[in-house]
Amino acid sequence: MNSTSPEIDLQRVKDEIRSEAEALRARAPAMPAVKPRPVVASNRAYDTSASEYSIANLCQFHFTTFVDYAYRAVLKRPPDAAGFDGHLKLLVSGGSKIEILGNLRYSAEGRRAAVRVPGLLPRYALAKLYRVPLIGYFAEWLTGFASLPGIMRHQRASDTFHVARSYEIDTARRETSSQMDAVVRDNLVLRKEIGNVVDRVSAMRSGLERAVATLAEVDRVDIRRVSAESAELRHLVLSMNHWLTTLRQNLGALERAEHEDARRADALHAEIVERMWRDDSARLPRLATWSAALARGLQPSAQILDLASGHDWLAALGRSGLHATGVDPSEATAERARAAGSAVSAAEPSAVLARLADGALDGLTALASTALLQELPASQLLATARRVLRPGGVLLFAFDIAPSLIRDRMAGRAEPLWNDVLLAHALAASGFIDIETLTAADGARCVMARTPGSTEKQ
Amino acid sequence: MKAAILVPVLTSKDAVGADVLAMQRILQEIGVDVRVFCLSATGVECKTWPIERMVEFAGGPNDLVIYHYSTGWPAAVDALRRCRGYRVVRYHNITPPIHFRNVSADYERACESGRREIETVAKLGCELYLGASAYNTEELVQAGAPRERGAVLSPFHRVAEIVDAEADIPLLNELTDGSRNFLMVGRVAPNKGHLDLVEAFGAYVRAYAEPARLVIVGKIDPRLERYTKAIEERIEDLDLGECVMWINGASEAQLKAAYLASHAFMLLSEHEGFCVPLIESMAIGTPIIARATSAIPETLGDVGISWESQDPWLYAASAARLFADSDVRNNLRERGRARFHNEYSVDVLRTRFLAQLEGVL
């Protein structure tokens, strides 16, 4: 055995237990004696398999049990219905057990079974003799007279037995009666408790019905309240909707008015710039000088974008053999340029520059650079210019009048302090090369520069 | 080939029923057409047939008939006589009627008539006499069965289901209150020695000042009321009413809890043909103290403390030794588990059963 506990010698253990048991027997308190119990009648043997019975054994039972036992013992079978009834009637009418036993034993069936019952025959013959008219009467009388002392003893014993039985029955009856009284009392208590329970159930039912009614009322009240709140909420939503619609319309009207104001201001600024350009007699020679300088650095087919420099600059470029397209943030200025035959779109220059591909332009011009710097920081403007110009592309920036500058001046905002020196340094710092300041006859200056990558003139 | 299993009353819960159903299942598993013939069946799912149709079904020379003999059944004996195939008498033993004298005339007569049939059955000339124990087989041999046709096969059982069952927690809680629990499992019948058991338990309570409890698990039969009453009176006489717990008709969960929470399984039966509760104790690990009568020594082997005497002090001292000596306790537990595994596990019994029928299957 694959054991994990120590192996034991069972015989040695049993020897030790035996010694301990002896010691226990000596020292433990004695076991209490078994109380005697009354012997119950059915303890008596009901042996139906034997081949010989004494009369006393067969007669130990009474009435139906006697008849049943007699059949089973003497005939070795249970009694049939007719025989059972006949022998019971015989017993009831005062017949003796001996006569019944004899009837069974000496019947044809009984003789076949051949059960031995010592002493039965003479007693059975005597019992039969009693049945003979007249002689039987005297014979029974004589026998009875002769056995009178025995009968009297039996009678006294019988009296005692019946008195004892009567006493037992009386005692049992009293016990039963007292138990019945207790049962009746319990029954009354039970009935009372049942009544209480019924009352409680009834009260609970009433309470339940009240609760159900209350709940129904609560339901009705709630539904009315929710319905009213719903109508009020609907009214509020509609009011809110009306208010929002009105607000949207008012805002639209304000926006339209503002837009109109802006449009009028834009037209005003464009008109002012036009007037200023017309009054500036040096402008056209200046533009001719700068455009000629630019034409020297670019091929006639070069892609040039101008940022809000005015339609006369585009015309000057055309006269120098270059073609440029322009963008201008002022709708009015763009319209005037288009009316003068220049290709100018109304758009924000910074947005146009952001959308252009890398190296998309040969030339980039902005005569009103200061106005651009209002929208785009200089660092970002120069970096973007580097990006959109192809290698060797030319940039020309000046500080002339433009509508946006007029707008700022009219709004009281200060003009940034930029000049050609600062711009030249800024261009150099941003990687441009061949930086050149051009001075017109009137002393106005522009700055022209080239992106690195090609020294060849376009 | 066809096989018929004869049993007077088939129930799923008793020892004979477990044996019958297991044999039926095993034979079906190897492809034999098996039917059970009986007078009545309760609690079983399989269909059963009346004994009158047995010969027609399995009376041929190539058929197998197994008669589970545990009470008198003349119709089965008559049917066996008319069969020409391989006939097996599976003997579970019949309690000698003397145990029922002065307790129940019905039981006494039934046992008497059943035992009267032993000689008839033994002399039928069946091909195999298969006792549930050597004690049973020897009874058949003594009654006239040829010794060379005698064999032993322990009964199939439902121990695995008890081992696998979840223990009843409320009962487990109730039993684990610090008291020493003595357990007896078996129907409340006079051959089971409950009166001596109560005496032995009373001796322990008197001799040792320790809280103890006797747990009597078993079905109480109203027809044996006189015996049950005698046990109650003995308990009352010994003033043990507070220390005895009766569990009438325990469930598997309760049985498991009782075995687990008991410190000793104590059996003082006067007659057992095998005694399944002994192997239940072995499987679950409850140490055994038993009286060495009938088939008990054979079933128990050396895995418990057994005595031929019924001296209550011996049993009380045995219990005290078990409670005090963990080496003895653990060793007996381990021996019990090993014996169950090696001798009584269903796999072992299946192999032995098929080996017994090797010549005919």
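**Strands, salt bridges and a chain interface**

Mentor: Start in chain B. Strand β3 (residues 33–37) and β5(B) run parallel, joined by two bridges. The model is predicted: local features need pLDDT of at least 70 and side-chain atom pairs pLDDT 80 or more, while totals for chains, interfaces and linings use all residues. Residues count from 1 along each chain as written, chains are lettered from A and ligands numbered from 1 in written order, and side-chain values use heavy atoms, without hydrogens or water.

Trainee: What makes β3(B) and β5(B) a pair?

Mentor: Strands pair if DSSP finds at least two bridges between them. Here there are two, so the pair qualifies. In one of the bridges, Val36(B) has Thr48(B) of β5(B) as its partner.

Trainee: Which sheet holds these strands?

Mentor: An open, parallel sheet of seven strands in chain B, ordered β5-β3-β1-β6-β7-β8-β9.

Trainee: Why are β5 and β9 of chain B called edge strands?

Mentor: β5 (48–49) and β9 (150–152) each pair on one side only.

Trainee: What makes residues 48–49 of β5(B) long enough for a strand?

Mentor: Strands are DSSP runs of E, at least two residues; helices are H or I, at least four; both are numbered from the N terminus. Chain B has 15 helices and 15 strands. Chain A has 17 helices and seven strands.

Trainee: Why is Asn93(B) called buried?

Mentor: Buried means under 20% relative accessible area, exposed over 50%, partly exposed in between (1.4 Å probe, protein chains only). Asn93(B) is at 6%, so it is buried. Asn93(B) lies in the loop between β7 (86–91) and α4 (105–122) of chain B. Its phi is positive, about 80°, although Asn93(B) is not a glycine.

Trainee: Which strand of chain A holds Asp434(A)?

Mentor: Asp434(A) is in β6 (residues 433–439) of chain A. Asp434(A), not a glycine, also has a positive phi, near 50°.

Trainee: How many residues are buried, as a share of each chain?

Mentor: In chain A, 31% of 458 residues. In chain B, 61% of 361 residues.

Trainee: What do the contacts in each chain show about sequence separation?

Mentor: A contact means heavy atoms within 4.5 Å. Take contacts between residues at least 6 apart in sequence. In chain A, 62% of these join residues at least 24 apart. In chain B, the share is 70%.

Trainee: How many residues does each chain bring to the interface?

Mentor: Chain A brings 31 residues and chain B brings 34. The buried area (accessible area, 1.4 Å probe, that two parts lose on being put together, summed over both) is about 2,900 Å². Carbon and sulfur atoms give 58% of that area.

Trainee: How do you know that Asp311(B) and Arg25(A) form a salt bridge?

Mentor: The rule asks for a side-chain nitrogen of Lys or Arg within 4 Å of a carboxyl oxygen of Asp or Glu. The closest N and O atoms of Asp311(B) and Arg25(A) are 2.5 Å apart, so the pair passes. The pair crosses between chains, from the loop between β15 and α13 of chain B to helix α1 of chain A.

Trainee: Are the two partners buried or partly exposed?

Mentor: Asp311(B), at 14%, is buried. Arg25(A), at 36%, is partly exposed.

Trainee: How many salt bridges does the rule find across the interface?

Mentor: Three. Another of them joins Arg321(B) and Glu16(A), at 2.5 Å from N to O. On the side of chain A that touches chain B, 16 residues are nonpolar, five polar and ten charged. (Ala, Val, Leu, Ile, Met, Phe, Trp, Tyr, Cys and Pro count as nonpolar, Asp, Glu, Lys and Arg as charged, and the others, Gly among them, as polar.)

Trainee: Which residue of chain A forms a salt bridge with Glu16(A)?

Mentor: Arg12(A), with the closest N and O atoms 2.7 Å apart. The two are four residues apart in helix α1 (residues 10–27), so about one helical turn separates them. Glu16(A) is partly exposed at 33%. Arg12(A) is partly exposed at 41%.

Trainee: What separates Arg225(A) and Glu229(A)?

Mentor: About one helical turn, because they are four residues apart in helix α9 (residues 148–279) of chain A. Their side chains meet in a salt bridge at 3.3 Å, N to O. Over all chains, the structure holds 56 salt bridges.
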